[in-house]
Amino acid sequence: MSSDDNQINRREALASLCGVGISLVIATPLFERISEEGREAGSKRWAMVIDVSKCYGCYACLAACAAENNVPIGVFRTWIERYVKAEGGVVFVPKMCNHCEEPSCVEVCPVNATFKAPNGEVLVDDNICIGCGACIQNCPYGARFFNPIKGVADKCTLCNHRIYDGKLPACVEACPTGARVFGDVKDPNSELSKLIKDNSVSKWKPWTGNKPMVFYIGLPEEANR
Amino acid sequence: MVEQFIYPNEMAQPVIWGVLIAIYPYITGLVAGSFIVSSLAYALGKTNYKKVAGIAVLLSFTLLLIAPLPLIADLKQPDRAWEIFTRPHLVPTSAYPNISPMAVFGYLLIGYIILMAIEIIFLWRADLVEKAKNGGRFRWLYRALALGAKEVSDTMLRRDKKIVAVLALIGIPLAAIFHGYVGFLFGSVKARILWATPFMAVDFLVSAIVSGIALLIVIYYAFASYAKKLDKNIIYGLAGLLAWTLLIDLALKGTDELYRTYHRTASWPYLHALKFDVMVATGLIEFIIGGAIPLVLLLIPQLRRSTPVVLLSSFLALLGVLAYRWNMVIGGQIISRTEQGLLWYAMPIFGKEGLIASLGIFAAGVLIFTVLSWIFPWDGKYATGEMGGEGK
């Protein structure tokens, strides 16, 4: 019957249109290949050691970081917590992004805007971040924030623009007492590795499972939250 | 008063996901809930729900279309929203470990829109053919949407019915995943103690079905009584479904509360303060006004057969599920990531992330539903008749 033939052809046409449409949608990730170039694990593993007993709360690190990285007022890539003991005395605990080995923030980014760089530092690509806030939600350390000026997720970058130029991160360089030490934990001869070997080090909130890479010497229990 | 300990970055930005993200799971929940009720008639042979299944499909599709709006409005870079299609985080690599639950949203949305669009077209084809025959200015539209068919024939009806049945069946797990992934997304945020439980994905889905059934009762009553075609058996049937789903919903929530209260981990004082100091009003709406009261009303058989009681219970249940979304999304962020402090949320009224924006999204839904129900008659002879199978 001619009308049946028409209906069958129409159905096939519709089916193939749907098939093409669905294949195109599924193929959209191919339109933008995410480059794995330069992302293979490197030879170093950047880490920090923070000696709490050496910090006396001058906040030079905070000022240096803000100046070096244009961090807006009100949000912090690094900060210092001040604990006043009941019997007298103050303890200052510097905190920052831990550049975790298994960062929960990187896992939830829907567009692969934040990533683990080859030497372990966790970075955000400002040109890709859509500002959804999932990474900020999922950092158990409160290290991430929305940059109110750029409108993207922001955090400590370990002064990535300095450390590959033979310089130290701004906070480390500004610290007058040497409470912050930066180095390569894979290099047994680095000052950082020696400090870890010679001292009793602990991590901030290790139970998160993120495997943070900032080692604390003398972190008080009250500050471990 | 409990001791407060929060992080400095939480001072400037206490709550990241505001009212927009509180209404988003509400909308997707309604999508899933209404679709599952429609599939009862079209795929699972419960032909007694035929008459409401048409509205259910239209409601589901409308809400599906407005579902991305709160998400895009919440982004700080909404013009980059398309990146979720071109570079989704779906493949774990060393630089981008694990998979992001948020990344599956784009594909679920497109897949579900395609499935529903095709189901709607095949569901209403026969009715549109009749509408086209009656003439009018939009005959070309009806003819196009009916895919050019000029006559309603038995073969056409049989084939369309099979297609609808298949799509309605596939749509059930798709709807479940479409809404369930939101619950899983919240559950995947390990930094938020209120969210990081397996309970989130499950109860989000159950309360979604509660809200879907409740909305359907209200909308069906409004449309059908205006058209003087109200079939009270449908109201009673849906009321029974609502009662059972409410029961499961409250049982799940009650179990979660029981566990947290018994375990009393270090964050317990803050959970307690959240419930009884900070969010008392919305907690009351979620559990009592929108939970226990409609449940009790609907479990009493005599009251379940009274239409005003069923309507009231449906309104209350809708409010209750909205309060649940609010308490979970906003409340979850009010507990600091330290697990030992409480933050605050001041809902903006104006602006792209404010109350008016949220109401505007629902208003857009009303507009879209109006247009859709004007094109596709909710009480179409075939759509709510033969397409749903034989029998009354």
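Which residue forms a salt bridge with B:E3? In this predicted model, the partner of B:E3 is A:R225, and the closest N and O atoms of the pair are 3.3 Å apart. The count of salt bridges between chain A and chain B is one.

The interface around this pair was described next. The size of an interface is often given as the accessible area lost when the parts come together. For chain A and chain B, the buried area is about 5,000 Å². Carbon and sulfur atoms give 54% of that area. In chain A, the residues that lose the most area to chain B are A:I130, A:Q137 and A:R225, which together make up 16% of what that side buries. A:R225 is thus named twice, once for the area lost to chain B and once for the salt bridge with B:E3. In terms of residues, 60 from chain A and 54 from chain B take part in the contact.

Polar contacts were also counted. Across the interface of chain A and chain B, 33 residue pairs are in polar contact, with both residues of each pair at pLDDT 80 or more. On the side of chain A that touches chain B, the elements giving two or more residues are the helices α1 (2–31), α3 (104–107) and α4 (134–138), together with the strands β2 (78–84), β4 (114–116) and β6 (145–146). The element that gives the most to this side is α1(A), with ten residues. By residue class, the side of chain A that touches chain B divides into 31 nonpolar, 16 polar and 13 charged residues.

One residue of chain B illustrates the contact in detail. B:Q77 is located in the loop of chain B between α4 (68–74) and α5 (83–86). The relative accessible area of B:Q77 is 12%, so this residue counts as buried. Apart from neighbours within four places in sequence, the residues in contact with B:Q77 are A:C129, A:I130, A:G131, A:K150, A:G151 and A:V152. Among them, A:I130 is also one of the residues of chain A that lose the most area to chain B. Two backbone oxygens of chain A lie at short listed distances from the B:Q77 side chain. A polar atom of that side chain is 3.1 Å from the backbone oxygen of A:K150, and the side chain reaches the backbone oxygen of A:G151 at 2.9 Å.

Within chain A, there are seven helices and ten strands. Of its 225 residues, 52% count as buried. Where contacts in chain A join residues at least 6 apart in sequence, 59% of these contacts link residues at least 24 apart.

The cysteines were then examined. Over all chains, the structure holds zero disulfides. For A:C97, the closest cysteine sulfur is that of A:C156, and because the two sulfurs are 5.4 Å apart, they are too far for a bond. For A:C100, the closest cysteine sulfur belongs to A:C97, at 6.3 Å, which is also too far for a bond. A:C97 counts as buried because its relative accessibility is 7%. A:C100 is buried as well, with a relative accessible area of 7%.

In chain B, helix α11 (residues 268–278) was considered. B:W268, B:Y270, B:L271, B:A273 and B:L274 of this helix are buried. The cover over the buried residues of α11(B) includes two other helices of chain B, α10 (232–263) and α14 (307–334).

Methods: Residues numbered from 1 in each chain as written. Chains lettered and ligands numbered in written order. Predicted model: local features only at pLDDT ≥ 70, side-chain atom pairs only at ≥ 80, totals over all residues. Heavy atoms only, no water. Contact = heavy atoms within 4.5 Å. Buried area = accessible area lost by both parts, 1.4 Å probe. Salt bridge = Lys/Arg side-chain N within 4 Å of Asp/Glu carboxyl O. Polar contact = N/O pair within 3.5 Å; in protein donor to acceptor, adjacent residues only side chain to side chain. Helix = DSSP H or I, 4+ residues; strand = E, 2+ residues; numbered from the N terminus. Nonpolar A, V, L, I, M, F, W, Y, C, P; charged D, E, K, R; others polar. Buried < 20%, exposed > 50% of the residue type's maximum accessible area, 1.4 Å probe, protein only. Disulfide = S-S within 2.5 Å.
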